[in-house]
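Colleague: Could you take me slowly through the aromatic rings of this model, with a close look at how they pair and what lies over them?

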Amino acid sequence: MDPLPVVTLAVVALCFLGSVDSSAYDKIVTHSRIRARNEGPNVCALQQVVGTKKKYFSTCRNWYKQSICGKKATVLYECCPGYMKLNGMRGCPAVAPIDNVYNTLELVKATTTQRYSDMSNLRKEIEGPGAFTVFAPSDDAWEELSPTARSALESNVNVELHNALQYHMVNHRLMTKDMKNGITVTSMYNNQGININHYPNGIVTVNCARIIHGNQMATNGVVHVIDRVISATTSTIKEFLDTDESLDEFNNIATIAGLMDKLDKPGHFTLFAPTNEAFTKLPLLKQTRTLVNYHLLNSVQCAEAIMAGSFYETEEGSTIEIGCDGDSLTVNGIKMVLKKDIVASNGVIHLIDQVLIPDSAKEVRELMGKSQSTFSDLVSEMGLTSSLSSETQYTLLAPLNYAFTEEVMAQDESYLKLILENHMLNLKISLRELYNGQLLETLSGKLLRVFIYRTAVCIESACMVKGSKEGMNGALHLMSSLISPADKTMFELLDADGRFKTFLSLMETAGLEDLLRQTGSYTIFAPTDEAFEVLSKEDLDLLKSDLNALRTILLYHFSEGIFINGGLEPKVTNLLKSLQGKNLQVKSENNSIHVNSVEVPDSDLMATNGVIHVVKNVLYPADLPVGSQDLLMVLQKLIKYIEIKFVSGFTYTEIPLTFIRCTAPLEQPSVTTFTRVIEGKPTMKQVTRVIKTESTVPKVVVEGDQSTKKVTRVINRPPTGSKFTRIIGGGEARTNRRTETGKLL
């Protein structure tokens, strides 16, 4: 087998390994060793951020993205901890010599820490017997210490420098596997605590200083090299807020919110504390407690532990994203951190120059982002913002920008306004409050149906996309397409369409026509006339002659429940039980549907009692035989995608029509006679009266005769290619037609 795939598989396996008895740090070092196995024994692969000295044993995510904190990272190879190179030999074949802690400091290139140990008379202690853990600042870490602080240490080596070094020491051996997240260990300086955090990405921090070279064994302990000098802290977060004047504004609102007591108790918190200047950028703030809690995490997130953006839950209940951009820490994608990693006894503080406003403290309109900007702009242009005041509870079902096609934007203003109103609800409905079959009333008075599926939440034929939010006065849900409320039954849609004459005729013959009219929730795969054009009149007569056979075939096209394209789990076979009893196999892929391998060219025609998917083939259960040679020949003409079995003498069983609850009333007559008594002489009179409807130029023409007036009402719909003609006069209801092309709201 090719060795490269083996290595790749091994790395992938380790990336998902969670049950090994080792720490995250140990696992990440193991990953690095496998990645570098072609470089020789005991070599580890690291990533270094371009333009910096920062090196990481990186996670799989960073490795394959070839970046850390959004910055390009190059790969370099070094000896794994505990191993050394030998001249002329490949890799790192030698085990590093084990010596006392003092000499080990030189081995790991912590020479400044070693020199300071000499200067402060600490050398004798760390050369002698014991089991010490030393968190040794690297040479670069000492260089980054402020000149004032470093000068103070060097000017008083026997006290200040000695105490500072002892704060970096623990009087027992601690390996990285012993450093559990959130523990506090006791230092050798006045028993002051050191806060340890061990993150899932393999980073271990000591008072937010990162271990960059760990587990270097010594005869009398272990050395871990860290990337900064740490200092003792006894102050809580509350005590820090009380003493820093630049945080007075936040201190005040935190006190009002009742948060200060919590910040004075033991815990593991991260606080993003806005400075006084941050508050000058904002108007009067509301919901103080909500606002303050949005700045607080119930976990310690040190800046050095962030290698890529991740989401964290706040005490307010929602999430914020903490990321990084080179040396900068970002919050919700924005560089706002002025000072990071201020370590307190109960957590860490990051100073920020902006106040974080949670969604729950914003009006719903403010929650809309760039992907919904077209909807947001149209709401303003159409004068609908008055319905969205801060005192009003409402829900916005905001379509993404691409839903507003050129065809939609070309519609007249009244139609566009109606579209927008159908995406606005006069009450707050959160995502968790939605349930299957729920009816939602829009601002226009239309009713929308909610459908809950395994992998989707949909309203009519439009499904939600990730990003629902809750504001202080409502909710925002993002929709993949425009919502079109259904206003016709399945029968009305099929009848008006004109492509389903044969299917409707067969449904009438089978006594199933009421199924298309009655209330309920059905999915129908409706075959067009094209599916039947291969049949002669004699073939059709034969098909109609066996009622049980006809019903079996037709009912196989129906399923109870409304299943739209967006509600089908993609790329797998969805089994829908038909009213005939056998399963339909439906697959959705690349935004198209296939049923029993038959293509669905037109889907999601929403009706008040179901949804219609159009097929150009008749469907038939693959495991259902035919007992008549004549019927077999007819079905073989109709059905090409399967081979139908013939079993001599087989007869179709009668299917109880229990799903037809009652005989549905005829559709609303489209012919109405108005009788009006006109006083005066029987003269011809024409009256033109303008009636406001959805159209731009609706009118009614009233023609008089001796005793009655005949009213003809022409309804001009928006320019979508749809036309309704309603004749008002005498005649039978069944013979009148109403035609429609396209989908309307």
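Modeller: Let us begin with a charge and a ring: in this predicted model, arginine 517 lies over the face of phenylalanine 491, at 4.0 Å from the ring centre. A similar arrangement involves tyrosine 56, whose ring has the charged end of arginine 210 over it, 4.0 Å from its centre.

From there we can turn to rings that meet other rings, for which the count comes to five aromatic pairs. One of them joins tyrosine 25 and phenylalanine 57, which are edge-to-face, with 6.3 Å from centre to centre and 85° between the planes. This pair links distant parts of the chain, since tyrosine 25 belongs to helix 2 (residues 24-35) while phenylalanine 57 is in the loop between strand 2 (55-56) and helix 3 (60-65), 32 residues apart. Tyrosine 25 counts as buried because its relative accessibility is 3%, and phenylalanine 57 counts as buried because its value is 13%, the cut-off for buried being under 20%.

Phenylalanine 650 and tyrosine 652 also form an edge-to-face pair, with 5.5 Å between the centres and 80° between the planes. Here phenylalanine 650 has 28% relative accessibility and therefore counts as partly exposed, whereas tyrosine 652, at 9%, counts as buried. Phe451, Tyr453 and Phe563, for their part, form one aromatic cluster.

Tyrosine 652 also leads us to a neighbour, for leucine 635 touches Tyr652 as well as Leu543, Ile553, Tyr620, Val626 and Ile644, leaving aside residues up to four places away in sequence. Together with Phe503, Leu635 touches the most other members of the largest nonpolar core, which has 47 residues.

Technical notes: Residues are numbered from 1 along each chain as its sequence is written. This is a predicted model: local features need pLDDT of at least 70, side-chain atom pairs count only at pLDDT 80 or more; totals for chains, interfaces and linings use all residues. Side-chain values use heavy atoms; hydrogens and water are left out. A nonpolar core is a set of buried Ala, Val, Leu, Ile, Met, Phe, Trp, Tyr and Cys residues joined through side-chain atoms within 4.5 Å. Buried means under 20% relative accessible area, exposed over 50%, partly exposed in between (1.4 Å probe, protein chains only). Contact means heavy atoms within 4.5 Å. Rings of Phe, Tyr and Trp (its six-membered ring) pair if their centres lie within 6.5 Å; planes under 30 degrees apart count as stacked, over 60 as edge-to-face and the rest as tilted. Helices (H or I, at least four residues) and strands (E, at least two) are DSSP runs, numbered from the N terminus. A charge sits over a ring if NZ of Lys or CZ of Arg is within 6 Å of the ring centre and within 35 degrees of the ring normal.
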